[in-house]
Amino acid sequence: MPIQLVYGNDLASLVPLLAGRVRASQARDPLTPVRIVVPRRGVGTYATLALAEHAGIAANVQTVSLTRVVDDAVAAGDVRVLSREALFVHVLSLFDDTRALEAPELAAVRRYLAAGPDEDALVRKLSLARAVAGLFDEYARSRPELLDLFRRGPLGEGGEDAVWQRHLHAALFDERGVLRAGEKPRAFPLDALALAGSAARLPAEVLVFGLAPPPPQTSAILARIAQSTDVTLLATNPCREFWEDEDVAESPLLALWGRAGKVGMRALNELCGFAFETRFVEPSGRTLLAGFARATLAPAPPPTAPTPPETGDR
């Protein structure tokens with residue numbers, strides 16, 4: 001199904017569209033809460049307050065994360081989304097398995113857990129388990145290709161960090177990305193959607209507000225959801241120009257967003273086939289922040305170096 005993408009250079013420029021979508025959903029089904037997907041809790045608070053200010057009231061509206069939407073959808077297929085906290089428990093359980101830790105690939109892990117005084121052993125174990133859980137969760141969000149390599153590649157290759165990380169991942173997950181332990185299948189959101197397949201029960205529309213250039217997992221999840229339901233993305237974009245244009249791409253202001261920002265923006269454009277709408281507004285005010293926003297909205301090309309004088313010129 002089509003994805004509607006609308007860019008604005010600040011959240012306020014997207015609120016009227018958000019309010020219109022909420023009104024249309026409530027007109028179709030007044031009793032069902034309208035869910036607004038937000039990237040962070042702070043954006044959800046802003047959306048609720050902005051809707052109340054725009055319409056006079058924000059009733060029967062919920063702000064949720066994309067992970068929550070996926071978790072609710074795959075629950076119909078008896079699958080659950082794996083949280084970082086749940087993964088921490090399973091990593092800690094693996095560290096308590098003496099036989100599992102004897103694997104040659106985990107020599108670096110054993111060295112860390114054995115370093116320091118014995119009275120601090122539990123602290124080191126908890127610290128490392130939390131770090132590993134966070135690492136794999138971040139890989140799923142931003143570097144899914146690395147987890148694919150962990151599943152496909154033979155164990156024991158690469159640097160020492162790659163070796164123990166790959167071995168731990170193989171001990172925790174099967175080739176589908178499903179956690180080996182537990183009664184119900186658990187996986188990171190994208191793998192959970194693939195595992196649930198047609199059993200996933202998605203809402204009639206997924207409305208996303210305040211999305212900035214997303215990590216790869218978010219783009220992939222939205223693309224998969226769009227195969228079954230309508231998706232509307234109200235996203236922030238600091239620049240009204242096309243980021244891929246040569247003059248714009250070389251702007252030192254856009255360079256501050258880094259490679260991840262540019263890759264995320266390209267992924268958003270690809271989701272809708274580059275057929276997006278815009279709601280850009282000219283930033284007002286005389287503050288330094290307003291000046292930066294104006295300069296980023298329409299970035300000037302970098303200055304060209306002066307032409308050196310020819311030999312003999314004075």
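These exercises with worked solutions concern the predicted model shown above.

Residues are numbered from 1 along each chain as its sequence is written. In this predicted model local features need pLDDT of at least 70 and side-chain atom pairs count only at pLDDT 80 or more, while totals for chains, interfaces and linings use all residues; side-chain values use heavy atoms, with hydrogens and water left out.

**Exercise 1. Overall description**

Task: State the secondary structure content, the span and the buried share of the protein.

Solution:
- Step 1. The protein has 15 helices and 8 strands, where helices (H or I, at least four residues) and strands (E, at least two) are DSSP runs numbered from the N terminus.
- Step 2. The C-alpha trace spans about 80 × 70 × 35 Å along its principal axes.
- Step 3. Buried residues make up 39% of the 314 residues; buried means under 20% relative accessible area, exposed over 50%, and partly exposed in between (1.4 Å probe, protein chains only).
- Step 4. Take the contacts (heavy atoms within 4.5 Å). Of those between residues at least 6 apart in sequence, 71% join residues at least 24 apart.

**Exercise 2. Two helix pairs**

Task: Describe how H4 crosses H7 and how H1 crosses H2.

Solution:
- Step 1. Two packed helices are described by the angle between their axes and the distance between the axes. Axes are lines fitted to C-alpha atoms, for helices over the stretch in contact, and angles run from 0 to 180 degrees between N-to-C directions.
- Step 2. For helix H4 (residues 84–95) and helix H7 (residues 121–142), the axes come within 8 Å and cross at roughly 130°.
- Step 3. Angles under 35 degrees count as roughly parallel, over 145 as roughly antiparallel, 65 to 115 as roughly perpendicular and the rest as oblique. H4 and H7 are therefore oblique to each other.
- Step 4. The H4 and H7 crossing is right-handed: a crossing is left-handed if the near helix is turned anticlockwise from the far one by less than a right angle, and right-handed if clockwise.
- Step 5. H4 contributes Arg84, Leu87, Phe88, Val91, Leu92 and Phe95 to the contact, and the residues from H7 include Leu126, Ala129, Val132, Ala133 and Phe136.
- Step 6. By class, the residues in the contact of H4 with H7 are 11 nonpolar, 1 polar and 6 charged. Here Ala, Val, Leu, Ile, Met, Phe, Trp, Tyr, Cys and Pro count as nonpolar, Asp, Glu, Lys and Arg as charged, and the others, Gly among them, as polar.
- Step 7. The axes of helix H1 (residues 15–28) and helix H2 (residues 41–55) come within 10 Å and cross at roughly 80°, which makes H1 roughly perpendicular to H2.
- Step 8. Val15, Pro16, Leu18, Ala19, Val22 and Arg23 of H1 meet Tyr46, Ala47, Ala50, Leu51 and His54 of H2. This contact has 9 nonpolar, 1 polar and 1 charged residues.

**Exercise 3. The rings of H7**

Task: Characterise the pair formed by Phe136 and Tyr139.

Solution:
- Step 1. The structure holds 6 aromatic pairs. Rings of Phe, Tyr and Trp (its six-membered ring) pair if their centres lie within 6.5 Å; planes under 30 degrees apart count as stacked, over 60 as edge-to-face and the rest as tilted.
- Step 2. Phe136 and Tyr139 form a tilted pair, with 6.4 Å centre to centre and 40° between the planes.
- Step 3. The two residues, Phe136 and Tyr139, are 3 apart in helix H7, and so about one helical turn separates them.
- Step 4. Phe136 is buried at 0% relative accessible area, and Tyr139 is buried at 11%.
- Step 5. Ring pairs join Phe136, Tyr139 and Phe150 into a cluster.
- Step 6. Not counting residues up to four places away in sequence, Tyr139 touches Pro144, Leu146, Leu147, Phe150 and Gln165.

**Exercise 4. Surroundings of H10**

Task: Which residues of helix H10 are buried, and what covers them?

Solution:
- Step 1. In helix H10 (residues 189–196), the buried residues are Pro189, Asp191, Ala192, Leu193 and Ala196.
- Step 2. Their cover includes helix H3 (66–74), E4, helix H8 (144–152), strand E5 (186–187) and H11.
- Step 3. Arg80 lies in strand E4 (residues 80–81) and is partly exposed, at 29% relative accessible area. Beyond four places in sequence, the residues Arg80 touches include Asp71, Ala187 and Ala192.
- Step 4. Arg80 and Ala187 are 107 residues apart in sequence and 6.8 Å apart in space, C-alpha to C-alpha.
- Step 5. Gln217 lies in helix H11 (residues 216–225) and is buried at 7% relative accessibility. Leaving aside neighbours within four places in sequence, Gln217 contacts Ala140, Arg141, Phe188, Pro189 and Leu190.
- Step 6. Gly197 follows H10 and has a positive phi, near 60°.
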